[in-house]
Amino acid sequence: MFKHASLSSKLAVLFLFFLITASAQHKTGNIVEYFGKEKAGDLTEGDVVYVFKKGLALKIRNFTFNSSSFPKDPVFNRFLMNNNYTVKKDEVFDIDASGNEMVWKEINVDHNNSFNNPDLRTSYVYLTYKSGSNKRLLLEASGHSLLLINGLPHEGDHYDFGYNLVPVNIKKGLNVFVLKVGRFPRIRARLLKPHQDILFTPRDLTLPDLLNEEQKDYYGAIKIINNSDQWMKNYIIESDVYGSKSVSNVPAIAPMSVRKVPFLMHTATDLKGKKEAEIHLALKNRSGSTIAKQIIKTGVRSKYKHHKNTFISNIDGSVQYYSVAPSTDHSTKNQALFFSVHGASVEAVNQANAYKQKDWGNLVAPTNRRPFGFAWEDWGRLDALEVLNDAKRIYKPDENRIYLTGHSMGGHGTWYLGATYPDKFASIAPCAGYPDLILYRDSFLKETLKLPMDQLKKMGFTEKDVERLKTEYIPNPVERMIKRAGTPSRTLELIRNYLHYGVYIFHGEKDNVVPTEIARDMRKRLGTFHNDFTYYEYPGGQHWFGNHSVDWPPIFEMFSERSKKDPKEIKKIEFYTGSPGVSATSNFITIVQQLKPFEVSSFKFSREDSVKITTKNVALLKIDAKDLNDTIKKISIDGTALNIKTKEINYFKNISGKWNKASAPALQEKGPHRNGGFKDAFRNKMVFVYATKGSAEENKWYFNRARFDAETFRYRANGSVEVIKDVNFNPAKYPDRNIILYGNRSNNNAWNKLLGESPIQVSDNEVRIGNKKLSGTQWGMYFIYPRKDSDFASIGVVTATGEKGMKAAYMNHYLVNGTTFPDVTLFDDSVLKEGERNVKCAGFFGNDWSIDKGDFEWN
């Protein structure tokens, strides 16, 4: 069976697929927005000084096996490893697997100053700008997924929104820009001279609706550009809403950076009769001088009608929004809550607007951090949990009547969140959804390869391509370890968690975006064990057939007939998880630790005549006995009879296959609060701390590396990340916050403060993992480790032993959904050319965060 295809080959097939469906999507109303619709328009930040009108393009046909965690990138590898590398028209870059020359071809813009050609798919674009002097400009570019500017990586604008403006230090002489083409076969790029060094940009605002009935504080967010070579510190934003003023401190912004910052606004006047409110913002420095001004507008709504709320996220301190379709019943307390998750490219406000208001519950639609976001996994999952908690705070629903639904990617979100947190919902209703993101992506390639060869040739495949793609790929042990980090997202491994509630599967009969066969397959799977699910195909329905694609009355009828049971009434529970750090609890039983990290762990509970629990891959179990009958004094775990204290929290530990009564584990051990997987470091209002004690080249690289990750998190996650120098880091100033450390023990001044006791030590020319040592400048590494001064915060480390290693670690695919990273990955500079197969080591620490009790594979 074909298990791994190259990222570019998958994208190529997906592009072909989207070409077929794009026209239909464009006509589908307010839910299925077509790609790139929200592109920024007006230019307010500066004047155009140069438009890139000519360039070179290199098409990469890479049908080899690849990984989205460590994708092969021979082009960026060439530019990264050779700072002086330039290319010329018709220069041959390499020979592809079919024996064809890969040639840099000249390209020109169209009448819209865009490079726009179907051949740009899976291509790289090479642009140059020759300057007579050093200067600071802004690059405005769109349509690319990644960017190198004079050898330094930056985030792209692959959704073609026009959101990104990148401050650029233009050097005297030749400046090289290499853009990796994104979702569309079009690229646009130009250089701007900003009106001033520090300024607001109105692109990509996050704003609430101001509510007629409530005079209160609100949070918004706006981007500030610091196009100077100095740190921007001790600034404030003053907001003025019709005479009601508020002041917000602006967090520090690094030189040549952009940060989206929160600001407070207050309404003290009656806004009735207004559809929009005008907000005046002033940016002031420490002396009180006004540096920049901006007038923005936001909606004015009734809190009893559809509207947007905002809140401060604990992931990174950014402002996020969600949308609400409030109940028409304004008096009844503890109503139901309907949690609706949107599809790819859909704004949460459009998701909520697709629903008519109900008279027995409030509907809430989170954002997934962006219209594309993270497919409701990773930070999309965390966003869903934050919004659910905020909505519960405001609307105070009946905890037993919270329901989950969603469409398309949100249908996937429904399957995924429902399987991950089964005790949070009374019923779920996936609409046009798919259960597993990776299987869904791979399904298009699998189905494409079933086509006749003559059709495949028309799509650009050769017979050799097809032969390679159909060849079974056998991953090595390190690759399997990396894949294991994705177990929490393998929804079908958790399928029996759906026994917690009723399920309504709703799908269009002729859906060609999420093929109807996927829904039929889920019907078949549920039919083998589930006795409370409904399946309905809308006759003739495609992917979107109007608002009733989500606002389907039978779904809400099904919801109204179901509620969660009181835990004391529950006779049986089955629960499965891939990691306690993602999902640990069902009702009153928690899987605290695993025997084998990031493999499926489970328990089955029953209390018919007596309380019995059977487990799989569980090292430590917690039972809250207040939900058990007071007369129960003993329980059985895997056949071992154990005493239990009623009305108390009880812990039981699996020691060599035998269960024993135990005490609560130390918080310094792994558990639901902090269980690893490298991605888990990027939360708890994380702070990026970069090295300044290395060579000039290292210091420049690590500053840009931290800035690059901050750019990526801002673009992909609507984020706002604090970036600081290592010499300015004081653990006491950042208590209980996750730290992302860029650099090694030799060049990052914060290393010993945070990682002095770590079993992994990286310095110039050397990496030590436990008692193993490797030498050389070529090693790069990502790992996570607990903060010793915190009960729950973590340290994420992006490190290298030298220049080759740090450039091999340039790629931040750990901030992309669908990628998987265990606690530790070690690799060398060959990974950019050879991909995941050349990762040297991957694995997980033990439950005590040790190497000795961990699980590692070496290549």
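In this predicted model, Phe545 touches Phe506, Gly508 and Tyr538, leaving out residues up to four places away in sequence. Phe545 itself sits in the loop that runs between strand S29 (533-538) and helix H11 (553-560). Despite that loop setting, Phe545 counts as buried, because its relative accessible area of 17% falls under the 20% cut-off. A look further along the chain takes in Phe708, 163 residues apart from Phe545, and here the C-alpha atoms are separated by 40 Å.

Ser586 is another covered residue, and its place is in strand S31 (residues 585-586). With a relative accessibility of 0%, Ser586 counts as buried. Its side chain makes a polar contact of 3.2 Å with the side chain of Asn587. Once neighbours within four places in sequence are set aside, the residues in contact with Ser586 are Asp423, His500, Ile573, Phe575 and Phe603.

Next come the strands, starting with S14. Strand S14 spans residues 198-206 and is mostly covered, seven of its nine residues being buried. It runs antiparallel to strand S16 (residues 217-226), and five bridges join the two. Within this pairing, Leu199 has Ile225 of S16 as its bridge partner.

Strand S14 also takes part in the charged pairs. Side chains of opposite charge can pair when their charged atoms come close, and the structure holds 41 salt bridges. One of them joins Glu140 to Arg203, with the closest N and O atoms 2.8 Å apart. This pair links distant parts of the chain, as Glu140 lies in strand S8 (residues 135-142) and Arg203 in strand S14, 63 residues apart. Both ends are out of the way of solvent in the sense used here: Glu140 is buried, and Arg203 is buried too. Nor does the pair stand alone, since Glu140 and Arg203 belong to a network of salt bridges that also links Glu45, Arg188 and Arg190.

A second salt bridge is formed by Lys284 and Glu238, whose closest N and O atoms are 3.0 Å apart. Again the pair links distant parts of the chain: Lys284 is in strand S20 (residues 276-284) and Glu238 in strand S17 (residues 235-241), 46 residues apart. The two partners fall on either side of the 20% cut-off. Lys284 is buried, with a relative accessible area of 18%, whereas Glu238 comes out as partly exposed at 25%.

The salt bridge between Asp90 and Lys105 has its closest N and O atoms 4.0 Å apart. Here too, distant parts of the chain are linked: Asp90 is in the loop between helix H2 (74-81) and strand S3 (92-95), while Lys105 belongs to strand S5 (residues 105-108), 15 residues apart. Asp90 is partly exposed, with a relative accessible area of 43%. Lys105 is partly exposed as well, at 47%.

The last topic is empty space. Rolling a probe the size of a water molecule over the atoms shows where such space is left. The second largest pocket has a volume of about 850 Å³. Its lining is made up of 35 residues, of which Ile149, Asn150, Leu152, Asn169 and Lys700 lie nearest the centre. Five elements give two or more residues to that lining, namely strands S9 (144-149), S10 (152-155), S11 (165-170) and S12 (173-181), along with helix H12 (696-717). Helix H12 provides the largest share of the lining, seven residues.

Turning to enclosed space, the structure holds 10 cavities of 30 Å³ or more. The largest cavity has a volume of about 360 Å³. It is lined by 28 residues, and those nearest its centre are Asp378, Arg381, Ala485, Val582 and Lys679. The largest share of this lining comes from helix H4 (residues 379-395), which gives three residues.

Technical notes
Residues are numbered from 1 along each chain as its sequence is written. This is a predicted model: local features need pLDDT of at least 70, side-chain atom pairs count only at pLDDT 80 or more; totals for chains, interfaces and linings use all residues. Side-chain values use heavy atoms; hydrogens and water are left out. Buried means under 20% relative accessible area, exposed over 50%, partly exposed in between (1.4 Å probe, protein chains only). Helices (H or I, at least four residues) and strands (E, at least two) are DSSP runs, numbered from the N terminus. Two strands pair if DSSP finds at least two bridges between them. A polar contact is a pair of N or O atoms within 3.5 Å; within protein, one must be able to donate a hydrogen and the other to accept it, and residues adjacent in sequence count only if both atoms are side-chain atoms. Contact means heavy atoms within 4.5 Å. A salt bridge is a side-chain nitrogen of Lys or Arg within 4 Å of a carboxyl oxygen of Asp or Glu. On a 1 Å grid over the protein atoms alone, a cavity is a set of points where a 1.4 Å probe fits but cannot get out, and a pocket is an open set with protein on both sides within 12 Å along at least five of seven lines; lining residues have an atom within 4 Å of a point. Grid points are joined across faces, edges and corners, and a volume is the space filled by probe spheres set on the points.
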